[in-house]
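Welcome! Here are a few short exercises to help you find your way around a new structure. Try each task yourself before you read the solution.

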Amino acid sequence: MVKQINNNKRSHIAKLIVRRLQRMIPVVICIFCLVSCKSSMQAYLMDTNMKKVSLGMSKEEVKSSIGSVYKSLESYREDDSIIDVWGYPDASGGTYRLRFKDGVLDSWDHEKIYYPYSPYENGSKSSTATTE
């Protein structure tokens, strides 16, 4: 009789655990989707935010306009000036390159990556790409 009661308690506890896990699955899926979309959404917004950038802006003005999710691509001296180049990702896998001269936006361009064929064509995993 005591064993039967213990088995009933175990069975009841197992059912409770399964129910709680079933309730958590949709929440976990939603969190996964939101987190995975965040980076692509930032790149999409970057394309829109680039319209706010104009030459002559300071680094801080650029950061406040388009965000601080950039990668420092290069930094060097040119004559008596310090040149910093920042890269911001776009939605299509390219990069916006912003060139600052002594802390002021001097020029910017867009580098887009084109794949002439599928990188996984015929089972080969070539990573050849061209830039424009």
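Please keep in mind that this is a predicted model.

**Exercise 1. Find the place of Val104 in the fold and list what it touches.**

Step 1: Start with the whole chain, which has two helices and six strands. Along the sequence they follow the pattern α-α-β-β-β-β-β-β.

Step 2: Now look for Val104, which belongs to strand 4, residues 104–111.

Step 3: Leaving aside residues up to four places away in sequence, Val104 touches Gly56, Met57 and Arg99. Leu55 is 49 residues from Val104 in sequence, yet their C-alpha atoms are 7.8 Å apart.

Step 4: Is Val104 buried or exposed? Its relative accessibility is 35%, so Val104 counts as partly exposed.

**Exercise 2. Work out which salt bridge involves Arg99, and whether Arg99 is buried or exposed.**

Step 1: Look at the side chains of Arg99 and Asp106, which meet in a salt bridge with an N to O distance of 2.4 Å.

Step 2: Widen the view, and Glu78 joins Arg99 and Asp106 in a network of salt bridges.

Step 3: Compare each residue with the cut-offs. Arg99 has a relative accessible area of 18%, so it is buried, since buried means under 20%. Asp106, at 35%, is partly exposed.

**Exercise 3. Describe the salt bridges of Glu60 and Glu74.**

Step 1: Glu60 pairs with Lys63, and their closest N and O atoms are 3.6 Å apart. Both residues lie in helix 2 (residues 59–66), three residues apart, which is about one turn of the helix.

Step 2: Glu60 is exposed at 54% relative accessible area, while Lys63 is partly exposed at 26%.

Step 3: Glu74 meets Arg97 in a salt bridge of 3.1 Å, N to O. This pair links distant parts of the chain, with Glu74 in strand 1 (residues 71–78) and Arg97 in strand 3 (residues 95–101), 23 residues apart.

Step 4: Glu74 is partly exposed at 33%, and Arg97 is also partly exposed, at 23%.

**Exercise 4. Find which residues make the nonpolar and the positive surface patches.**

Step 1: For the nonpolar patch, pick out Ile13, Ile17, Leu21, Met24 and Val28, which make about 480 Å² of surface. Val28 is part of helix 1.

Step 2: For the patch of positive charge, look for Lys15, Arg19, Arg20 and Arg23 on the surface.

Step 3: Take Arg20 as an example: it sits in helix 1, residues 2–49, and is exposed, with 59% relative accessible area.

Definitions and conventions. Residues are numbered from 1 along each chain as its sequence is written. This is a predicted model: local features need pLDDT of at least 70, side-chain atom pairs count only at pLDDT 80 or more; totals for chains, interfaces and linings use all residues. Side-chain values use heavy atoms; hydrogens and water are left out. Patches are made of residues with over 30% relative accessible area and no salt bridge: like charges are joined within 9 Å, nonpolar side chains (Val, Leu, Ile, Met, Phe, Trp, Tyr) within 5 Å. Accessible areas come from the Shrake-Rupley method with a 1.4 Å probe; for residues, only the protein chains shown count as cover. A salt bridge is a side-chain nitrogen of Lys or Arg within 4 Å of a carboxyl oxygen of Asp or Glu. Lys and Arg count as positive and Asp and Glu as negative; His and the chain ends are not counted. The place of a charge is taken as NZ of Lys, CZ of Arg, CG of Asp or CD of Glu. Helices (H or I, at least four residues) and strands (E, at least two) are DSSP runs, numbered from the N terminus. Buried means under 20% relative accessible area, exposed over 50%, partly exposed in between (1.4 Å probe, protein chains only). Contact means heavy atoms within 4.5 Å.
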